[in-house]
Amino acid sequence: MGLKLKLAMVASCRRGFSMLSQRLELNKLSINNVLERMILSYSSRLGKLILDDILKLSQLIKAHDVTTFRHSLDVALFSNWLANEASLPQKEVARITIAGFLHDIGKTNIPAVVLNKPGRLDESEWELIKKHPQGGVLILSGYTWSYDLLSKIGYHHERVDGSGYYGLSGEDIPLGAKIICIADAFDAMFSLRSYQQIKPVSDCCMELEKNSDSQFDGELVNRFIRVTKKVSFFRR
Ligand SMILES: [Fe+2]
């Protein structure tokens, strides 16, 4: 890819995400850095195609439910940091970052009142929620670039002990899905929701450790805790 084209794509990525992100300045900068790396790891034609599609998909998520949109931005960031901490090849880091951003796109099939319901969900609402990973796979399977992302999105609610949505366990769960699962769970505790206060970083890490080797991959939990000690974002 020529340098001029790379710079133009990075500039276009910055513009796109500045418009979309309503987060704090620090978070916007981090998101731009993440996307910059992501796009540069693809060929120019594919990178531009993915960027255009992702901007459209992000508008779909944001229009449906702004809480899911903000959560998606955070999960993309945390997945990116964890994938880098695990020393994965940059192409795989890019795929995991994009999959992290789109992991809950299947929730656009679920009414926002159900997604943000403060009380307990009834059985039929739970059935709807449990369909969102495969709903996401269905939405994305029409995009030619999504092939390497689908298993990461489809299995992001699997648990290493086999008690997740679809019963996959241990090594059968794709590594990218395990990474997104940790990023997803951490952000769910670390963000203000209609039903909970924000937990301190140390409490979120303790909760991850408590569920190591049952819900989460233990080695990845250790790596994620290392990330929270290194990255200034978590010192708030
Ligand atoms: Fe999810």
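Tutor: A helix axis here is a line fitted to C-alpha atoms over the stretch in contact, and angles between axes run from 0 to 180 degrees, taken between N-to-C directions. The model is a predicted one.

Student: At roughly what angle do the axes of α5 and α10 cross?

Tutor: The axes of α5 and α10, the latter covering residues 175-190, come within 10 Å and cross at roughly 50°.

Student: Why are α5 and α10 called oblique to each other?

Tutor: Roughly parallel needs an angle under 35 degrees, and roughly perpendicular needs 65 to 115. The value of roughly 50° fits neither range, so α5 and α10 count as oblique. The crossing of these two helices is right-handed.

Student: Which residues of α5 and α10 make the contact?

Tutor: On the α5 side they are R95, I96, A99 and G100, and on the α10 side G176, I179, I180 and A183.

Student: What classes of residue does the contact of α5 with α10 have?

Tutor: There are five nonpolar residues, two polar and one charged. Gly counts as polar and Arg as charged, so G100 and G176 go with the polar class and R95 with the charged one.

Student: How do the axes of α4 and α10 cross?

Tutor: They come within 8 Å and cross at roughly 130°. An angle must be over 145 to count as roughly antiparallel, and 65 to 115 to count as roughly perpendicular. The angle lies outside both ranges, and that makes α4 oblique to α10. The crossing of α4 past α10 is right-handed.

Student: Which residues in α4 and α10 meet?

Tutor: From α4 the residues are H71, D74, V75, F78, S79, L82 and A83, and from α10 they are I179, I180, I182, A183, D184, F186 and D187. By class, this contact has nine nonpolar, two polar and three charged residues.

Student: What makes α11 and α12 roughly antiparallel?

Tutor: Their axes come within 10 Å and cross at roughly 170°. The cut-off for roughly antiparallel is over 145 degrees, and therefore α11 and α12 are given that name. In this pair, V201, C205, L208 and E209 of α11 meet V221, F224, I225 and T228 of α12. Six of the residues are nonpolar, one is polar and one is charged.

Student: How many residues are in the largest nonpolar core?

Tutor: That core has 43 residues, and L82, I182, L208 and F224 are those with the most contacts inside it. At least two residues come from each of α3 (44-64), α4 (66-85), α5, α10, α11 (201-210) and α12 (218-230). The most are given by α4, with nine. In soluble globular proteins, nonpolar side chains tend to be buried together.

Student: What is F224 in contact with, leaving aside its neighbours within four places in sequence?

Tutor: The residues in contact with F224 are L82, I182, F186 and L208.

Student: Why does A94 count as buried?

Tutor: A94 is placed in helix α5. A residue is buried if 20 or more other C-beta atoms lie within 10 Å of its own. A94 has 24 such neighbours, so it counts as buried.

Student: How do you know that S87 is exposed?

Tutor: S87 sits in the loop between α4 and α5. The limit for exposed is 12 or fewer C-beta neighbours, and S87 has 8, so it falls in that class. S87 also has a positive phi, of about 55°, although it is not a glycine.

Student: Why does D213 count as partly exposed?

Tutor: D213 has 14 C-beta neighbours inside 10 Å. That count is over the 12 allowed for exposed and under the 20 needed for buried, so D213 is partly exposed. D213 is in the loop between α11 and α12, and its phi is positive too, near 65°.

Student: What makes P111 partly exposed?

Tutor: P111 has 13 other C-beta atoms within 10 Å, so it is partly exposed. P111 lies in the loop between α5 (90-102) and α6 (112-115). Between P111 and E125 the C-alpha to C-alpha distance is 9.7 Å, with 14 residues separating them in sequence.

Student: How many helices and strands does the protein have?

Tutor: It has 12 helices and zero strands. Of its 236 residues, 38% count as buried.

How values were computed
Residues are numbered from 1 along each chain as its sequence is written. This is a predicted model: local features need pLDDT of at least 70, side-chain atom pairs count only at pLDDT 80 or more; totals for chains, interfaces and linings use all residues. Helices (H or I, at least four residues) and strands (E, at least two) are DSSP runs, numbered from the N terminus. A crossing is left-handed if the near helix is turned anticlockwise from the far one by less than a right angle, and right-handed if clockwise. Two residues are in contact if their C-beta atoms, placed from the backbone, lie within 7 Å. A nonpolar core is a set of buried Ala, Val, Leu, Ile, Met, Phe, Trp, Tyr and Cys residues joined through C-beta atoms within 7 Å.
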